[in-house]
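Welcome! Let's take a friendly walk through the structure shown here, starting with overall dimensions and ending with individual side chains.

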Amino acid sequence: LKPKSVKKLKLEKRKNEIIANLEAGENVREVYLNTDLDYNLDLFKSYLHNCSDVIYREIELELSQPVRACIIYVDGLVNNDTIDRYILLPLLELRFKADQVGESIDLITELKDKILAVNEIIQTGTLGELLDSLLTGSTIVLVDGFSLALACTTKGWEDRPVTENTTETVVRGPREAFVENIRTNTALLRRRLKTHRLKIETMLIGRESKTETAIVYMEGIASEEMVEEVRKRLKRIEIDSTFGGGEIEEFISDNPYSIFPQVRASERPDSVASDLLSGRVAIITDGTPIVLVVPVIFLQFIQSSEDYYQGIYYGSLLRLLRLAAFFLTLTLPSLYVAITTFHHGMLPSPLYLSVAAGREGVPFPALLEALLMEFTFEILKEAGVRLPKAVGQTVSIVGALVVGESAVRAGLVSPLMVIVVSLTAIFSFVIPNYSVAITIRFLRFPLMILAGTLGFFGLTWGLLLLLFRMVSLRSFGVPYFSPLAPLNLESWKDIFVRAPWFRMRKRPYLFVRDNVNRMPKMETPQPPKKSGEEK
Amino acid sequence: MKEQISNRQFLFVLILLVIPTVIMYVGGIGASMAKENVWISVQIASLFAVLIIYINVKLGLRFPNSDFGQICRLLTGKWFGSLIILYYSFWQLFTGSTILREAGELMTTGVMRETPLVVFLAMIIFLAALASYWGVEVIARSSEVILPVIIIFLITLWALSVPNLDLANLKPVLADGWIPVIRASLPSIVFRGELFMLIFFLPQLRDKVKANRISQWAGQIIGLLLTINVVTQIAFFGAVEVGRMVIPTMTHAESIEFFGVLERVEIILIAFWITGITMKVTIFFYVNLLLLAQLFGLKNYRSLILPTALLYFVFSVVQFENSLDLRNFIANYFFLFSLPVEFLIPLMLLIIALIRKKEENSIEKETG
C-alpha cells in the first residue's frame with residue numbers, strides 16, 4: 001500500500017468512528033486536539049468532510065528546524081485580505097524572530113501575543129469551540145506539536161448596508177433601520193445610548209443554526225426580575241434553527257395560542273432605544289432586521305415614534321385618529337352588515353332610501369356581499385405583496401378599478417359596499433404595527449359573520465369576547481390591556497394623547513420599579529424675563 | 001400568585017353588579033306603585049343599602065382569612081352551615097338565570113324577533129363561563145373598561161333629553177302618602193341588596209381596610225345614577241306613562257333623535273345593556289361557582305363551570321312562561337325570596353359571631 005492510501009484509509013476509519021460516535025451521542029465539545037498536526041487535521045477533515053467551502057492551507061514555519069502548521073478557514077465568511085496580510089505573512093516571515101528566542105518557548109502563546117496582528121484571538125484545545133469559531137468566520141491556526149490552536153477573528157462577509165426602514169416610516173425623525181447583522185444592530189443601539197448602563201448579553205440559539213441572540217437592556221432601569229425572566233425563557237428554547245426571530249417570539253410569548261401579538265417587533269433603532277429607556281428588554285437575533293421588544297401593552301400598537309418627534313397636538317391628534325381608524329377597520333364592515341340586515345331603523349329615512357336603492361338588484365344578502373368583497377380585497381393585498389413590483393401595480397389597477405367598477409356595474413355588489421371595503425382597507429393601513437394589523441385583518445371576518453347573523457347583539461358579543469381575552473392576557477407578567485385595565489390614570493398621558501416632554505417626568509410605571517424619574521423637575525419653557533429693559 | 005383585585009376594581013365590579021338591571025326596571029316597577037314619587041323610594045332603598053352593606057362587610061372582615069362557606073360552618077355548625085350555602089347557591093342560580101332570561105326576552109321581543117331565545121341565552125352564558133374560567137381578575141378588569149363606557153352613554157342619553165324635560169311632571173310630592181312609596185321601595189331595596197355579593201370578593205381585595213367605605217360608595221353612586229335616571233324619565237314622559245312601560249329606559253332611548261342623523265338610538269342602548277347584563281350574569285355566575293365549590297369543599301371551582309353553565313341555561317329557559325310572568329315575579333315575590341340572602345342570614349351570622357365572640361385576627365385590629 002502506498003502511504004497516501006494508508007492515510008486515506010486512516011481518514012476513512014476515523015470518519016466512520018466519528019460518525020458512529022456522533023450517532024452514539026458523542027459531544028463535539030468533549031473532543032480535544034492532539035499534539036500531532038496530522039491527527040488534528042484528520043479530526044477537522046472528518047467532521048468537515050464534503051464541505052467544499054472549507055480551505056486548508058498548510059505552511060512551514062522556518063524556525064531553527066522547520067515546524068509544520070496549517071490554517072483553516074471557510075471561504076466566503078472571511079476577509080481574505082486580513083488572512084493574507086495579518087496571518088499568513090507574519091507566519092511565513094516568522095523565522096527571524098524565532099531564531100532569537102530559541103525553541104523552549106510556548107510557540108502558540110508567542111504567536112498570539114507577538115506575531116498575529118488580528119484583533120480577537122481565542123486560544124483553545126476543544127474541537128467544538130474551534131468548529132464554532134471556524135463556522136462563524138474565524139481562521140484556525142494549527143501548529144505541529146501543540147494541542148492548542150488559535151481561532152483568529154477574520155469575519156468579513158457580504159452585508160446589506162444600513163438603509164431606510166420600510167415598515168414603520170415617519171415624516172419627521174430618524175430613517176435608519178436595523179439590518180441582518182447583529183453587530184451592526186447593537187452598534188446602532190449603542191450609538192443612541194452611549195452609556196455603560198446599556199448591557200448586551202449574547203447567547204446562541206439553535207442547535208444547527210447557532211444563531212447569535214442578544215438580550216439588550218438598560219441596567220438600573222429594566223427590573224432585574226424582568227431581565228432574568230427573559231434570560232430564562234430564551235435559555236429554555238431548544239430548536240434547531242431560527243432565521244426570522246418569529247420562532248423566538250412564539251417560544252417566549254406568555255400565551256402562544258393567542259392571536260394578539262405579545263411581543264413588539266420593530267425595525268427602528270430609535271423606537272427600540274426609547275423602549276429600553278422605559279425599562280423594556282430587547283432581543284436581537286442575528287440574521288434578521290426585526291428586533292423583538294418585551295413586554296408590550298396593547299395600546300402601544302397605536303403609537304408611532306413620530307408622535308414624539310412632532311408637536312404635542314399633532315402627536316396627540318394622530319393617536320386619537322389612529323385609535324378611531326383602528327376601531328373602525330375592525331368593525332366597519334360588521335356595522336354595515338348589521339345595519340343593512342337588521343337595524344334599518346337606525347338610519348334616517350333619506351339615508352336609508354339611498355342605501356336601499358344601492359342594494360336593489362344585488363343578488364346576495366349583505367353578509368355574503370361583505371364577506372365576498374373583504375375576501376377579494378385580502379387576496380388583492382396578498383397578491384400585491386407576493387408579486388414582483390412591476391406586476392404588483394397591474395394587479396392593483398385590475399383589482400381595484402376593473403373588478404371593483406365592473407362588479408358594481410354588473411350589479412353584483414352595491415356601491416356602498418365598495419365604499420365600506422375601501423374605507424376599511426385605508427383605515428387598516430393607519431395601524432403602525434404590522435403584526436397587530438394582521439390580527440385585525442383576521443378578526444374582521446368572525447365579527448362580520450356574528451353581525452350578519454345576530455346583528456348588534458352578535459357584534460357586541462364578539463367585542464366583549466375580545467375584551468375578555470385581552471384583559472386576560474399578560475406579556476411577561478405585565479397586564480396586556482393596561483393602563484386601561486387595570487386602570488392607571490397617571491400613565492394615560494402617554495397613551496391616548498402625548499403629553500409634552502417636560503410633563504412626562506416619570507418612566508412608565510408598568511415596567512420600571514426604581515429609577516423612575518426620567519428628568520429632574522423642571523419648569524415649563526417660557527420666554528426669558530425681560531430684565532432691566534423695562535425698569 | 002394569588003389573584004387580587006384593587007379597590008377601584010372592587011368599586012367598579014359592585015356598581016356594575018347592580019346598575020344594568022336597576023337602570024332598566026326600577027323606573028317602570030316603581031312608577032306603577034309610587035307614581036311621581038319613585039325617586040323618594042330610591043332614597044329609602046339607598047338608606048337600606050347602607051345597612052345591608054355594613055352588615056355584610058362587618059361579617060366578612062371579622063373572618064378575613066375564611067371564605068363565606070367556612071364562616072357559615074364555623075358559626076352555625078357543619079350541617080346547618082351547608083344548608084345556608086345551599087340556599088345561597090340556589091338563590092344565586094335562580095336569580096342569575098332570571099337575569100339571563102330578562103336579557104334574552106329583551107332581545108327576542110325588542111330587536112331580533114325571529115331568532116330563538118335559546119341562542120341569546122347560550123351565547124351570554126358562554127361568555128360568563130369563559131370569563132369565570134379566566135378568573136376574577138378578568139372580571140374586575142373588564143368592569144374597569146365597561147362601566148365608564150356605560151356611564152358615559154347614560155349621561156349622553158340624559159343630556160340629549162334635557163330640552164324635552166318638564167319638571168312639573170314630578171309634582172305633587174307625596175300626594176298619596178308614604179304607603180305606596182314604601183311599597184315601591186321594596187323591589188328597589190332588593191335590587192340594591194345584591195351588593196351583599198361583596199362578601200365573596202373580600203378575600204381577594206388588596207386593601208381590606210377600606211372595604212366598607214368603598215362598598216358604601218358603590219351603594220350611593222348607584223343610588224345617585226338611579227335617581228337621575230328616574231327623575232329624567234318621569235320628567236320626560238310623566239309618571240302614569242312610565243308606570244305602564246316595561247322598560248322605560250328603552251322607550252326613552254327610542255324617543256331621542258341625535259341631530260337628525262341617528263334615530264332610534266335604542267339599539268345602541270341595547271348593545272350597552274347587553275354588555276352590562278353579560279357582566280352582571282358573569283358576576284352572578286362566578287359567585288355561584290364559588291358557593292358551589294365551598295359547598296362541596298373544592299379548592300378550585302373550574303371543574304364546576306360546565307355543569308353550572310348548563311344549569312343556568314336550562315333554568316333560564318324553563319323558569320318562566322313569558323316576560324309577563326317574569327315581571328310579575330320580580331314585582332311581587334322576589335322580595336321575600338331575596339331578603340334572607342341579602343339581609344337576614346348575614347345579620348343572623350353576625351349576631352351569632354358577636355354572641356359567641358368568634359373572630360379571626362380582624363383587619364381593623366391588625367392595622368391598629
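Chain A has a radius of gyration of 32 Å, whereas a compact globule of 535 residues would have one near 24 Å. Keep in mind as you read on that this is a predicted model. Along the principal axes, the C-alpha atoms of chain A fill a box of roughly 105 × 85 × 40 Å. The secondary structure of chain A consists of 17 helices and 12 strands.

How much of chain A is buried? Of its 535 residues, 47% are buried. The accessible surface of the chain is about 27,000 Å², and carbon and sulfur atoms account for 59% of that area. As for contacts in chain A between residues at least 6 apart in sequence, 66% of them join residues at least 24 apart.

Next, a closer look at one helix. Helix α2 of chain A spans residues 37-47 and is mostly covered, with eight of its 11 residues buried. Those buried residues are L37(A), N40(A), L41(A), D42(A), L43(A), F44(A), S46(A) and Y47(A). In an α-helix, residues three or four places apart point the same way, because there are 3.6 residues a turn. The N-terminal end of α2(A) is capped by D36(A), which places a side-chain oxygen 3.2 Å from the backbone nitrogen of D38(A).

Charged side chains also meet aromatic rings, and two such cases are set out below.

| Charged residue | Ring beneath | Distance to ring centre |
|---|---|---|
| K45(A) | Y56(A) | 5.0 Å |
| R302(B) | Y133(B) | 5.6 Å |

In each row, the charged end sits over the ring.

Rings also pair with each other: over all chains, the count comes to 28 aromatic pairs. Why does the pair of W492(A) and F496(A) count as edge-to-face? Their ring centres are 5.1 Å apart and their planes stand at 75°, which is over the 60 degrees required, so the pair is edge-to-face. Are these two residues buried or exposed? W492(A) has a relative accessible area of 28% and is therefore partly exposed. F496(A) counts as buried because its relative accessibility is 16%, under the 20% cut-off.

Chain B brings a network of rings. Here ring pairs link F68(B), Y88(B), W91(B), F191(B), F196(B), F200(B), F284(B) and F334(B) into a cluster.

How values were computed:
Residues numbered from 1 in each chain as written. Chains lettered and ligands numbered in written order. Predicted model: local features only at pLDDT ≥ 70, side-chain atom pairs only at ≥ 80, totals over all residues. Heavy atoms only, no water. Buried < 20%, exposed > 50% of the residue type's maximum accessible area, 1.4 Å probe, protein only. Helix = DSSP H or I, 4+ residues; strand = E, 2+ residues; numbered from the N terminus. Polar contact = N/O pair within 3.5 Å; in protein donor to acceptor, adjacent residues only side chain to side chain. Phe/Tyr/Trp six-rings, centres within 6.5 Å; stacked < 30°, edge-to-face > 60°. Lys NZ or Arg CZ within 6 Å of the ring centre and 35° of its normal. Rg over C-alpha atoms; globule rule 2.2 N^0.38 Å. Contact = heavy atoms within 4.5 Å. Areas by Shrake-Rupley, 256 points an atom, 1.4 Å probe, with all protein chains shown as cover.
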